[in-house]
Amino acid sequence: MKPLIIANWKMNPTSLAEAKKMIVKGAVICPPFVYLGLLRGELGAQNCSSEEKGAFTGEISPLTLKDLKVKYVILGHSERRKLFSETDEMINKKVRRALASGLKVVLCVGEIDKKEVLKIQLEKGLEGVSRDEMSKVIIAYEPVWAIGTGKNCSVDETMSSIILIRQILSNLFSRAIADKIPILYGGSVNSSNSGAYIKEAGANGLLVGGASLKPDELSKIIKSSY
Ligand code: PGA
């Protein structure tokens with residue numbers, strides 16, 4: 001499996017000129033929505049609506065993303081869960097709508113403290129998703145305490161969480177499906193710690209926030225994953 005490096009720019013930068021300079025080849029770039037039609041390369045969105053179209057002021061349809069050649073959508077990010085009160089039920093509706101619209105879904109899961117939360121987030125987030133559709137799902141393991149804090153998760157703990165996630169997916173779908181789903185690590189990834197997640201912890205890629213805003217750093221992270 002080729003490592004999948006996803007750059008989550010969050011609400012950065014604040015100008016198109018800057019955004020154009022920040023593109024790095026070899027990563028899926030997830031910029032703010034408004035830049036999606038204006039940037040080149042492999043692109044992902046940071047969120048989408050659970051609805052197809054209609055009277056939903058301020059929302060963005062997954063069909064609109066698809067039309068702009070966007071390939072991926074990040075759903076269930078801990079900032080969406082915490083700051084925008086997204087529940088597992090809301091995230092599940094988005095997951096299903098995004099898959100039905102032909103997007104690949106990066107479903108974020110991660111504990112605040114207790115690991116049981118991973119089972120609930122996976123069970124509820126993927127409810128009603130078919131075995132076929134699972135080939136378009138990527139899981140990002142992001143312990144909440146590691147996001148944007150500089151406190152990245154240890155290699156050992158990441159490895160055990162990835163194994164746990166595969167077990168849960170195997171119970172929900174099948175062993176064969178669980179083995180094929182890419183599982184990424186995210187949370188204070190930088191070029192000094194990135195390689196170990198892929199080479200030692202068994203992650204199939206990385207979801208990079210803060211460090212993805214610096215093109216040189218993101219390039220180093222990509223190189224470290226091979
Ligand atoms: P971080 O963010 O790399 O800045 O910790 C990761 C994320 O939010 O996906």
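Tutor: In this predicted model, two residues are in contact when heavy atoms of theirs lie within 4.5 Å.

Student: Which residues does Tyr-197 touch, leaving out residues up to four places away in sequence?
Tutor: Tyr-197 belongs to helix α8, residues 194-199. With residues up to four places away in sequence left out, the residues that Tyr-197 touches are Asn-152, Cys-153, Ser-154, Thr-158, Tyr-185, Gly-202, Ala-203 and Leu-206.

Student: Is Tyr-197 buried or exposed?
Tutor: The cut-off for a buried residue is a relative accessible area under 20%. The relative accessible area of Tyr-197 is 1%, and therefore Tyr-197 is buried.

Student: How far apart are the C-alpha atoms of Tyr-197 and Met-159?
Tutor: Along the chain, Tyr-197 and Met-159 are 38 residues apart. In space, the separation of their C-alpha atoms is 8.1 Å.

Student: Which backbone oxygen lies 2.7 Å from a polar atom of the side chain of Thr-158?
Tutor: Thr-158 is a residue of helix α6, which spans residues 155-172, and Thr-158 is buried at 0% relative accessibility. Beyond its neighbours within four places in sequence, Thr-158 is in contact with Tyr-141, Cys-153, Tyr-185, Tyr-197 and Ala-201. The backbone oxygen at 2.7 Å from the polar side-chain atom is that of Ser-154.

Student: Which residues of the largest nonpolar core touch the most other members?
Tutor: The largest nonpolar core holds 57 residues. One of its members is Met-134, and the contacts of Met-134 outside four places in sequence are Leu-126, Val-129, Leu-169, Phe-173, Ile-177 and Ile-181. The residues of this core that touch the most other members are Leu-126, Met-134, Ile-139, Ile-165, Leu-169, Tyr-185 and Leu-206.

Student: How many residues make up the second, separate core?
Tutor: This core includes Val-28, Val-106, Ala-140 and Leu-184. The number of its residues is twelve.

Student: In which strand is Val-28 placed?
Tutor: Val-28 is buried at 1% relative accessibility. Excluding residues up to four places away in sequence, Val-28 touches Leu-4, Ile-5, Ile-6, Ala-7, Glu-42, Leu-43, Gly-44 and Tyr-72. The C-alpha atom of Val-28 is separated by 7.6 Å from that of Gly-41, 13 residues apart along the chain. The strand, residues 28-30, is β2.

Student: What distance separates Gly-205 and Ile-139, C-alpha to C-alpha?
Tutor: Gly-205 is placed in strand β8, residues 205-208, and counts as buried at 0% relative accessibility. Its contacts, without residues up to four places away in sequence, are Pro-3, Leu-4, Ile-183, Leu-184, Tyr-185 and Ile-198. Gly-205 and Ile-139 are 66 residues apart in sequence, and their C-alpha distance is 9.9 Å.

Student: Which residues are the closest to the ligand?
Tutor: The ligand is surrounded by 13 residues. These divide into four nonpolar, seven polar and two charged residues. The closest are Lys-10, His-77, Glu-142, Gly-148 and Ser-188.

Student: How far is an oxygen atom of the ligand from an N or O atom in the side chain of His-77?
Tutor: His-77 lies in the loop between β4 (72-75) and α3, and at 5% relative accessibility His-77 counts as buried. Neighbours within four places in sequence aside, His-77 is in contact with Asn-8, Lys-10, Cys-108, Glu-142 and Ile-147. From the N or O atom in the side chain of His-77 to the ligand oxygen, the distance is 2.6 Å.

Student: What share of the accessible area that the ligand has on its own does the protein cover?
Tutor: A polar side-chain atom of Glu-142 lies 2.6 Å from a ligand oxygen atom, and a backbone N or O atom of Gly-148 lies 2.6 Å from a ligand oxygen atom. On its own, the ligand has 280 Å² of accessible area, and the share covered by the protein is 95%.

Student: Which two residues are joined by a cis peptide bond with omega of about -10°?
Tutor: One of the two lies in the loop between β1 (4-8) and α1 (16-21). Lys-10 lies in the loop between β1 and α1 too, and its phi is near 55°, a positive value in a residue other than glycine. The cis peptide bond joins Asn-12 and Pro-13.

Student: Is Ser-85 buried or exposed?
Tutor: Ser-85 is found in the loop between α3 (78-83) and α4 (88-100), and its phi is near 50°. The relative accessible area is 53%, and exposed means over 50%, so Ser-85 is exposed.

Notes:
Residues numbered from 1 in each chain as written. Predicted model: local features only at pLDDT ≥ 70, side-chain atom pairs only at ≥ 80, totals over all residues. Heavy atoms only, no water. Core = buried A, V, L, I, M, F, W, Y, C linked by side-chain atoms within 4.5 Å. Buried < 20%, exposed > 50% of the residue type's maximum accessible area, 1.4 Å probe, protein only. Helix = DSSP H or I, 4+ residues; strand = E, 2+ residues; numbered from the N terminus. Near = heavy atom within 4 Å. Polar contact = N/O pair within 3.5 Å; in protein donor to acceptor, adjacent residues only side chain to side chain. Areas by Shrake-Rupley, 256 points an atom, 1.4 Å probe, with all protein chains shown as cover. Nonpolar A, V, L, I, M, F, W, Y, C, P; charged D, E, K, R; others polar.
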